[in-house]
Structure formats: structure tokens, C-alpha cells
Amino acid sequence: ASEISPGPVNRKCKPQPLQVIWKRGMIDMKKIICVLLSLLMILPLAACSNSDNDVNSAVASAAGDATANESSSGEPLPAVGKKDYQKSVFRMVGFNKPGSWYYAKELEQNTLNDAVYEMNQVVENQLNVQLEYDYISDVSTGGEIFGKVSPYIMTGDDAYQLCILHPYYSYNSFITQNYAFDFYDLESMDLSRSYWNKRVIDQLAINGHAYIALGALCSYTLNILYCNKGILKDAKRDVPYDLVRNQKWTLDQFFAMTKDLYVDKNGNGTRDNGDCYGFAGLWDANGSAFMQASDIYVVQRNEENVFEVALEKNDRLVNFYDSLLAWSLDESVYLWSFGDRNNESVILDFLNGRSAFTLAALGTDFLEATFDVGVLPLPKYSEAQENYRHVNWGNNIVVPSSIRNTEMVGDVLELMAYYTSTIVHNAYYDTVLQYKVSNSPDDRDMVMLIYNTVVYDPGIAFCDGNSNLWNLVYLPCFGILNKTKKVASTLRANVKNAQRKLNELFNIKDKT
């Protein structure tokens, strides 16, 4: 995959007057304040500078802490300078509700919405563009975004500049019909920066072209472990923060911490949702995430640099699956399927305080708990594994091939990614998730670790329309729920046909 060079920096720029941001009459003071904060970030770019570092230093100095324009790691600002695209429209389309991540129409005194709004304002003012967003609220097939934008792309109409997609719907359609632009050709995007996940972007590239991207700009869905600190304390088991930090948080450690915690709470002699467990939770795509967490991928590149269904060649798969199955059959473990997600006679809400652990997406579901909740990454397969891994079941992005102003699109994406990583992420960690350094340092560390260990599996991206590949992606989910004793039969039934369909992405003649 190609390496991307940093975009150009405005080395010399003419002084420009500060634009007046209010007119006579009534105006929303909150918007004025937000725009003023945004302008603080970009004013230094209007002054002449002798070097790239001078420009970046001036911007960082002027912005200060008020606009969170620099990450906690000291990430310098992007090389994109102040530009004038004369109110060019940058239109996004996605399934995410406005205010939840990418776009906010106005300030609402809601922390996340207002952080997104501020991010939007900073980008608009620095580039003089207009961000717009089409929200797809009615979703039945998952292919609604492709259905909306494909007629425009087919006719060469530059109507949309960014498509924000589900983890697996429509990538095959965009790629096989040549409707996706190559991110490697957007020169402003510096993929070496921490706010882009270059490793995954390269991993998903096809024949040297990056049609799918992800990074801080994306709204991730990361499945993690939550624990009830009170239950663990009563069982004389420490919350394993130190194990995590010392790279010793493994599947075996997790299995041990959930054992011997079953209590027939309602005394009816039957294991049901009225009892107490070491682990209780919905088992779906979140359960499948244990596979990538153990460094087992459905699809990887082979020596010819093309995608190959790799499960049969992974020497840890059988032991991983057998261990997970044995754990799931322990009396201290209680699982239910997606089909029972609303069945009150089956589900056991973690908020009821009767399970030591549960598995769910990182979010706000348990903020109202009446007990202390701990956050933990998914465990590694073994201590020898290099790092923790959290597969993204949230958004990835695609740029339509019909875009005309590639410089503008690249600049907007670069700035949105950077300012999301600072303004939006800081608000999300501190206020929305309520993991501030001051009052929850251990859990804040865990959240940061989880966000810094995001991976992806090409098998997920390309399983739309490939039912056999879909079966393999969900192997730990359905295998465990169905109590399938061996994975060999699942592999035999699916690998060959999954590979045949995958080959079509590379225009490879089927040799099987």
C-alpha cells in the first residue's frame, strides 16, 4: 500500500481581516461564543510565517486549552492551513442521528452535540466550506446509503462527498462498481497521524487502492467488558487493572474470574434470569469480537497480497473455540441471543446487580448503576500476544468516486479527523462516559487503551452478500449459542464458497 505524504502547509499568507461574525439584531449568543472559539484556532494562520513549525506553534499557542485543539499526547495540528473554498458544500450521508457524532445543526446544551457542533464550526471557518448531512433514519436492509448515492455517482454528479457506513453493508457494491474513491489519492490526508488508523486502512486496501478508511473521525462500536466491583470485592477478587497494564489480562484470567459465582437467588432450582452469575449478557456480534481480541482474523492477506479466508490456517482457533465453549457451559455463565434481546423473561439486566461481568459496547448504558462499575478491555489470547485488540463494529467511511474537488475533500476529512480526536473525544470521555482523570483514573486509562487498540477484520467489511463469509464472521456467536462442539464442520461448510466470492473483488479467476 502506498504511503501518504503530509499535505502542504501555507508557508506564506497574506494578512486578512477578521470577519465580522454578527449583524445587527438578535442573534444566538451561544453560536457567537462557539464561532469565536473556532476563530481562535485559525487566526494565527492569517499572519505570515517563516516555517511550518511557526504556523503550527502559533495556532496551538493561540488556541490554548479552551478549544482542546491539541491531544493529550501533544499531537501537532494538521498541515492543512487556512483556505477559502468559497462556501463549497461538503455533504455527508449516514445512519447516525445528527448530534451524535459527525454533524450537529446547532447548539443544544448537550455535551456531545455541542462538541460536534464546535468541531463542525472549526472546520467550516478554517476552510470556508459548508458542512451538510443527510440522515438516513429508516433502515431495513442496511443498503439505504448506497441506494441513495449510487444514482448520483453513476451520472458523475458530485452530490455527496462522504458516506458513513455500517461495518459491513455496501462495501462490496461500492468497490465492485468502481463507485469508491481511493483515499491514497487524497493528498491532504496524512495517514501517519494518530487520528487515522493507517494499519487498518492499509489492511483493507485492494490492489493498492484504499477504498475504505477509519480513524478518530469514525463513531466506533467497541465491545468491552464491564464489571461489578462490589461483587468482585465480596468474592475477594481484585478488578484486574494491574493485570491489564502488565499485559497479563488473558482469556484464562477472565475465565477464572467468572467461575464459582453462581447463586440460585430465587431458590427455584433452575438457572434463569432471577439468579446471580459470574457473567451474564447478550451474545451476538459482541461475542464474536473475542475472536479478533485473540488475534484471530476471518480474512487476512496471503503471500500474493490478496485476501484469503484464514481461519483454517490459524493454529490457535481450535483451542480458542474449545476454551470459549467450555466457559460458556459453566453454571456461572448466562447467555441469551439477539432474538431474546427484548424478552423480559430471559434477559438479565446488568443494572440489576446480579452479574460480576457483562459484555457490551463502550457507551452510556450503565451510567445509572447504583453500584461501582469498572471498565476493562477484552482479554488477550495469552501473555505472548503483542497487545489487546478491539474490533470495530461501528462506522467506516467511503468517499464517492464522483467527487471533483479532491483537495477540498481531503482537507475537510483531515481537519474533521483531527478535531474529532480532540474536541469530540475529550467531551465523550470526560462528560458523556463520565471517565474523568480526576474521579475515575483507572477506568479512564482503560477507555484510552481500548480506543488505542482498534482493529478491523476484512471478513466483516466484505461479508455483505457473501453468506458463507458472514457465517464465519459470526462463528463464535452462533457456535457458542448452538453449543457446536467442533469448529471443523463450520469451516468445511463455508470456507470454500466464502473464498470464491471474495476472489471476485480481485478479479481473480476461480481455480477451485
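This passage describes a group of paired strands, a kinked helix and a buried arginine in a predicted model. In this model, local features require pLDDT of at least 70 and side-chain atom pairs count only at pLDDT 80 or more, whereas totals for chains, interfaces and linings use all residues. Residues are numbered from 1 along each chain as its sequence is written, and side-chain values use heavy atoms, with hydrogens and water left out.

Helices (DSSP runs of H or I, at least four residues) and strands (DSSP runs of E, at least two) are numbered from the N terminus. Strand 9 (residues 355–361) is largely enclosed by the rest of the structure, because six of its seven residues are buried, where buried denotes under 20% relative accessible area, exposed over 50% and partly exposed in between, for a 1.4 Å probe and protein chains only. Two strands are taken to pair if DSSP finds at least two bridges between them. On this basis, strand 9 is joined by five bridges to strand 4 (residues 223–228), the two running antiparallel, and Cys227 stands opposite Phe357 of strand 9. Strand 9 also pairs with strand 5 (residues 277–282), here in the parallel sense and over two bridges; Phe357 of strand 9 is the bridge partner of Phe279.

Strand 5 is itself mostly covered, with five of its six residues buried. Four bridges join strand 5 to strand 8 (residues 333–336) in a parallel arrangement, and within strand 8 it is Tyr334 that serves as the bridge partner of Ala280.

Helix 17 (residues 488–503) comprises 16 residues and reaches 22 Å from its first C-alpha to its last, close to the expected 22 Å at 1.5 Å a residue, the expected span being 1.5 Å times one less than the number of residues. A kink of about 35° is nevertheless present in helix 17, centred on Asn494, the bend at a residue being the angle between axes fitted to the seven residues ending there and the seven starting there. Asn494 is among the buried residues of helix 17, which also include Leu491, Val495 and Ala498. The elements that cover these buried residues include strand 6 (299–301), strand 7 (307–309) and helix 11 (317–328), together with helix 15 (467–473) and helix 16 (475–481).

Arg193 lies in the loop between helix 5 (171–176) and helix 6 (198–204), and counts as buried because its relative accessibility is 12%. Leaving aside neighbours within four places in sequence, Arg193 is in contact (heavy atoms within 4.5 Å) with Glu75, Pro76, Leu77, Pro78, Ala79 and Glu414.
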